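Here are some notes to read with the model open beside you. They cover cavities first, then strands, then a loop residue and a helix.

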Amino acid sequence: MTTESDLSYPAHWEADVVLRDGGTARIRPITTADAGRLVSFYEQVSDESKYYRFFAPYPRLSDRDVHRFTHHDYVDRVGLAATIGGEFIGTVRYDRIGADGRPATGPSDEAEVAFLVQDAHQGRGVASALLEHIGAVARERGIRRFAAEVLPANTKMIKVFTDAGYQQKRSFEDGSVHLTLDLEPTAESLAVQRAREQRAEARSVQRLLAPGSVAVIGVSRSLAGVGAAALRNLRDSGFHGHLYAVNEATTRDLLDGVRAYPTIGAIGAPVDLAVIAVPADRVPEAVAACGEHGVQGLVVLSAGYGESGPEGLARQRELVRQVRSYGMRLIGPNAYGVINTAPEVELNASLTPAPMPVRGRTGLFTQSGAIGIDLLSALVRRGEGLSSFVSAGNRADVSGNDILQYWYDDEATDVALMYLETLGNPRKFTRLARRTAAVKPVVVAKGGRHTPAGHVVRDTRLPDATVSALLRQAGVIRVDTVTELVDVGLLLASQPLPAGPRIAILGNSESLGVLTYDACLTQGLRPLPPIDLTTAASPADFREALAAALASDDSDAVVVTAIPWVNEQAPADDLADALRSAVAERPGKPVAVVHVELGELVEALAGVSAPSAPEAPAPAEPGPGSRIPSYPAGERAVRAIAEAVRYGQWRRDNAEAGQVPEFEDIDEAGAAAQLAGLLADVDAEAVLSLTDWDARELLGRYGIRVQATLPAPSPDAAVRAAGVLGYPVALKTTAPHLRHRADLGGVRLDLRDEAELRLSYEELTEALGKPAELQPVVQPMVPRGVDTVVRSVIDPAAGAVLSFGLAGVASELLGDTAHRLVPATDRDAAGLIRSIRTTPLLFGWRGSDPVDTPALEELLLRLSRLVDDHPEVIGVSLEPVVVATEGLSVLSATVRVAHPPARGDLGPRTLPSY
């Protein structure tokens, strides 16, 4: 009897998934303990669905059926169930079959698959999710093809198969449709999977931000405390849906003017969103009541979870499990809340007092309530409105990834601002950010280089600089402070992207213009000579100068500097009107204003006014020039423009996606067989460092040739090795403490005959130690060039990362290494070698000959393919790689391998497990 506690039970197949409508379900293996659930599930399935499943009337399951459908060996026979509230809503099973269609065992690589979904849950994407997961299970068990028999009238199930994106064959036999699916992931199947993921996760967030009804649980009768504040903010901000207060001890029909009930179950109407503000020990009861009432999502303001220590962390994990078991999603715990300024919603389910921020085009996500308050205040103070705001607290469920999925196709959001303390899944975040950044800016301030209490994330070995490089590769604008987050967000939300780095500077202060000019140089921009309008300049003079700069073909952006007039005869409103008029006449270039003690100008340029009453109509969309961002220092304005310039260049560079090239000489099957043999006797958790011979053989299968290296334990052995390789040769030490340390004298080059070799061997051993300690080797000489280092590592959180830098102590000391995620495209490879500060050495520095960078790019792409094709390869270091004017030489290689994880990056959709 197999149960979830048995050692044979594949617990790693369990997963929470988001369905098409935004709800969640749990997918897990079916066990012998599920007999009762299976019978109950089958009783709720319609006769038509049963007919489609069994091709005949089949009103009930026999005892033999129940036994067969609940007893599996999890190899040749597997059953999975999708559950909500612990009850089955859908099932899928496969049975391995042979060429004759009869039950079989390995090595047969085909299985028959069949689904059944409860009628009430059809159309939610349950079968599609089950297909992804059963397909991953099958691949893990050596099954490469699924066969299915479907009645022609069962169009929904046929569509599940045909829309999956797998390569397939279809035929009509004996009155049924015979489908064969190749389970090897394809570009199309991956695209289908990710598109479904985006729609489902975006929908789950949309249900949280646009509910038709909200209940606040934990509103005190004294109307004090967090719950009462949340209720008041919802009411006073003009929420358009139904609002309820819940307090178990209430004896009144109304609490603070809102209909009150003792329990959520007593509300005789649906509740879409519940805001929970009760002590942590009472939250499970509230969650259960919400789940039983059919609530779709929760905002848990309550503290006392992961941020409070190990006991609170265990409570937080149990909270997530409980919430998801009911098919709900969770913001929090320890959350600050959510805001949606859409005029048809006007939701302020947060601790931000009414009136809430005005309608705008900027979305804001934070993991910190305190930072959320700071950012909201800064944006409102500088006249920027919001489309939506989410402060997720411990983000135990809904995270920044989910919000990016929502913002991607949210027409109300033009700019995404994010304050992140951790990246729970950096690989997924960069993937989503790259897609979002292609259509709208994503600006990220990442606080804390440690994991704050309450945040449960996968460990990462990547330094912060590497994470930052990967984010920029994805088009993310990475800033260091929340002040910069606001500065950059304001510019991007109100101004067009610059077409280049040429910056015009004009204003009534020569000194301020010079400081702004210097700031442009610091940021790598190309400033034009500042235009000094003198302190006597009038608003009309500003308007004329700005119009000329905007009309000029020599500039891509303009910075206007302004200091107060001595006679105070020119009101700030006049100057703001003049600048706006010039921009309106010549739109298309970004404009930023740097001011000194001109607070009224800031408000005039931003159009700041008192927040309107809830019943007031929404303001009209602003036109060109209606808002111009202003900054109290030239460095801040220039930094914002510089980020916009870099982002604009990234958009142009990535207008056409790069390609992962195909290499005809790659032996993928041979590499897989070699790795399988090498790992056959290696423990599941162990890491194997390959011998030089095995490493050269594996790399050679991907067209990466490593120079021959022969051991030289004695002078005579060195001479014999040189005779095999041919003079001239190099003599090197390979001891770990001397490896790749030419600066310590452990390398002798251009040894042209036996005499030179013996002399060098003697000098080496006398200076550094005995041969047994030095482990000398002999290699053939290769053409001289630039020494580089190429590496790839598997990070637990980010996945495979490709790295490049120049060899040598200086580069290591300065951290001058560039990184890209695998699989790398041709664009990635070209950008990788051009991203380090020492790049000029590759392209002819100080009259030297440029090296063969195309050969270097090909090497990077071949290594990327090897690591991407074979997740068993967890680390490769090619050092040094000597890049000559023609070709390159890999002088040394180390390769580490291990058994791959059960689910790779191409695995099925699943929510993070906490």
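The numbered points below go through a predicted model.

1. Cavities overall. The structure holds six cavities of 30 Å³ or more. The two described here are the largest, with a volume of about 150 Å³, and the second largest, with about 130 Å³ of space.

2. The largest cavity. Its volume is about 150 Å³. It is lined by 16 residues, and the closest to its centre are Leu 38, Arg 53, Phe 69, Thr 91 and Arg 93. Four elements give two or more residues each to this lining: helix H1 (35–43), helix H2 (47–54), strand S4 (87–97) and strand S5 (110–117). By class, the lining of the largest cavity has eleven nonpolar, three polar and two charged residues.

3. The second largest cavity. About 130 Å³ of space lies here. Of its 14 lining residues, Glu 132, Ala 164, Tyr 166, Ser 189 and Gln 193 are the closest to the centre. Which elements give two or more residues to the lining of this second largest cavity? They are helix H4 (126–140) and helix H6 (187–209). H6 gives the most, with five residues. The lining of the second largest cavity divides into eight nonpolar, three polar and three charged residues.

4. Strand S10 and its partners. S10 spans residues 242–246 and is mostly covered, with four of its five residues buried. Strand S9 (residues 213–217) pairs with S10 in the parallel sense, over five bridges. In this pairing, Ala 215 stands opposite Tyr 244 of S10. S10 also pairs with strand S12 (residues 258–261), again in the parallel sense, over two bridges. There, Ala 245 stands opposite Ala 260 in S12.

5. The crossover. Which elements make a right-handed β-α-β unit? They are S9, helix H7 (residues 226–236) and S10. Trace the chain through these elements while looking at the S9 and S10 pairing, which is parallel.

6. The four-stranded sheet. This open sheet has the order S30-S33-S31-S32, with antiparallel pairing. Its edge strands are S30 (710–711) and S32 (747–751), and each pairs on one side only. S30 pairs with strand S33 (residues 776–780) in the antiparallel sense, over two bridges. The bridge partner of Pro 711 in S33 is Val 777.

7. Ser 509. This residue lies in the loop between strand S23 (502–507) and helix H15 (510–522). Is Ser 509 buried or exposed? It counts as buried because its relative accessibility is 13%, and the cut-off for buried is under 20%. The side chain of Ser 509 reaches the backbone nitrogen of Leu 512 at 3.2 Å.

8. Helix H13. Why is H13 (residues 464–473) described as largely enclosed by the rest of the structure? Seven of its ten residues are buried, so the description follows. The buried residues of H13 are Asp 464, Thr 466, Val 467, Ser 468, Leu 470, Leu 471 and Gln 473. Just after H13, Gly 475 takes a positive phi of about 90°.

Notes:
Residues are numbered from 1 along each chain as its sequence is written. This is a predicted model: local features need pLDDT of at least 70, side-chain atom pairs count only at pLDDT 80 or more; totals for chains, interfaces and linings use all residues. Side-chain values use heavy atoms; hydrogens and water are left out. On a 1 Å grid over the protein atoms alone, a cavity is a set of points where a 1.4 Å probe fits but cannot get out, and a pocket is an open set with protein on both sides within 12 Å along at least five of seven lines; lining residues have an atom within 4 Å of a point. Grid points are joined across faces, edges and corners, and a volume is the space filled by probe spheres set on the points. Ala, Val, Leu, Ile, Met, Phe, Trp, Tyr, Cys and Pro count as nonpolar, Asp, Glu, Lys and Arg as charged, and the others, Gly among them, as polar. Buried means under 20% relative accessible area, exposed over 50%, partly exposed in between (1.4 Å probe, protein chains only). Two strands pair if DSSP finds at least two bridges between them. A crossover is right-handed if, with the strands pointing away from the viewer, the path from the first strand over the helix to the second runs clockwise. A polar contact is a pair of N or O atoms within 3.5 Å; within protein, one must be able to donate a hydrogen and the other to accept it, and residues adjacent in sequence count only if both atoms are side-chain atoms.
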